[in-house]
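Here are some short exercises to work through with the model open in your viewer. Try each task before you read its solution.

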Amino acid sequence: MRRMVKALYPGSFDPVTCGHLDVIRRGVELFGSLVIAVGRNPAKQLIFPIEVRLELLRTVLDDAKLAVEVIAFDGLVVDFAKKVGARCLLRGVRSAGDFEYELSMAQMNRHLAPSVETLFVMPSSSYTFLSARLVRESGIFGASLKGFVPECIRATVEKRLQEQRPHAG
Ligand code: ADP
């Protein structure tokens with residue numbers, strides 16, 4: 001009998017990108033389902049409010065016909081994982097730079113919660129350069145986000161980012 005492991009994919013998703021969606025698809029393929037945990041992260045400089053980040057994710061998941069739960073959380077990821085009964089944390093790794101950061105975070109999480117395992121997946125090579133930060137920084141100045149964020153949310157994300165553009169003067 002196949003043992004079901006519940007997996008949690010935590011992140012800021014400010015906003016959700018094609019890279020995130022790639023990781024989500026791999027998670028669903030591996031685990032059958034997935035819970036996405038969206039950090040409120042009041043300390044982080046975020047552009048999209050939590051309600052919008054959740055809504056964008058739900059739109060993307062609906063469009064991709066993926067039955068994935070999306071929940072906002074505060075505090076430690078491992079505490080939230082235990083709360084929802086997830087044994088695995090799913091993370092995406094794009095580069096060696098990502099890996100250094102991800103490794104220290106995974107070791108810290110293991111220290112805090114030895115029963116929670118972190119699993120890394122790498123995205124399709126077309127997304128190894130893609131980050132939510134790059135999307136924010138280019139979108140603010142009017143760059144097309146085609147291929148960077150899923151088409152079903154592209155217009156909304158482009159408009160919202162352009163509204164954040166600092167006015168010269
Ligand atoms: P970002 O790093 O883009 O700001 P998050 O903080 O929301 O995004 O990241 C959540 C997780 O998703 C992290 O493990 C991050 O490495 C991963 N991730 C983000 N973008 C990609 C991508 N293009 N390919 C693979 N993993 C990614």
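## Exercises on the pocket and its ligand

By class, 20 nonpolar, 14 polar and ten charged residues make up the lining of the largest pocket. Keep in mind that this is a predicted model.

**Exercise 1. Find which element gives the most residues to the lining of the largest pocket.**

Step 1. Start with the space itself: the largest pocket has a volume of about 1100 Å³. It is lined by 44 residues, and those closest to its centre are Gly11, Ser12, Lys44, Arg91 and Tyr101.

Step 2. Next, list the elements that supply at least two lining residues each: β1, α1, β4, α4 and α5 (132-139).

Step 3. Now pick out the top contributor. It is α4, which gives nine residues to the lining.

**Exercise 2. Work out which residues and elements surround the ligand.**

Step 1. Locate the ligand: the space it takes is the largest pocket.

Step 2. Name the elements that give two or more residues to the shell around the ligand. They are β1 (7-11), α1 (18-31), β4 (88-92) and α4 (96-112).

Step 3. Turn to single residues. There are 19 around the ligand, and Tyr9, Ser12, Gly92, Leu130 and Ala132 come nearest.

Step 4. Sort the shell by class: eight residues are nonpolar, six are polar and five are charged.

**Exercise 3. Identify polar contacts to the ligand, using a cut-off of 3.5 Å between N or O atoms.**

Step 1. Begin with a side chain. A polar atom in the side chain of His20 is 3.1 Å from an oxygen atom of the ligand.

Step 2. Move on to the backbone. Tyr127 has a backbone N or O atom 3.0 Å from a nitrogen atom of the ligand, while a backbone N or O atom of Ala132 is 2.9 Å from an oxygen atom of the ligand.

Step 3. Finish with the cover: on its own the ligand has 530 Å² of accessible area, and the protein covers 91% of this.

**Exercise 4. Find the backbone features that stand out in the loop between β1 and α1.**

Step 1. Recall the usual pattern: most residues other than glycine have a negative phi, and most peptide bonds are trans.

Step 2. Check Phe13, which is in this loop. Its phi is near 50°, a positive value in a residue other than glycine.

Step 3. Check Pro15, also placed in the loop between β1 and α1. The peptide bond from Asp14 to Pro15 is cis, and its omega is near 0°.

Key:
Residues numbered from 1 in each chain as written. Predicted model: local features only at pLDDT ≥ 70, side-chain atom pairs only at ≥ 80, totals over all residues. Heavy atoms only, no water. Near = heavy atom within 4 Å. Polar contact = N/O pair within 3.5 Å; in protein donor to acceptor, adjacent residues only side chain to side chain. Areas by Shrake-Rupley, 256 points an atom, 1.4 Å probe, with all protein chains shown as cover. 1 Å grid on protein atoms, 1.4 Å probe; cavity = no way out; pocket = protein on both sides within 12 Å on 5 of 7 lines; lining within 4 Å. Sits in = over half its atoms within 2 Å of the grid points. Helix = DSSP H or I, 4+ residues; strand = E, 2+ residues; numbered from the N terminus. Nonpolar A, V, L, I, M, F, W, Y, C, P; charged D, E, K, R; others polar. Points joined across faces, edges and corners; volume = space filled by probe spheres on them.
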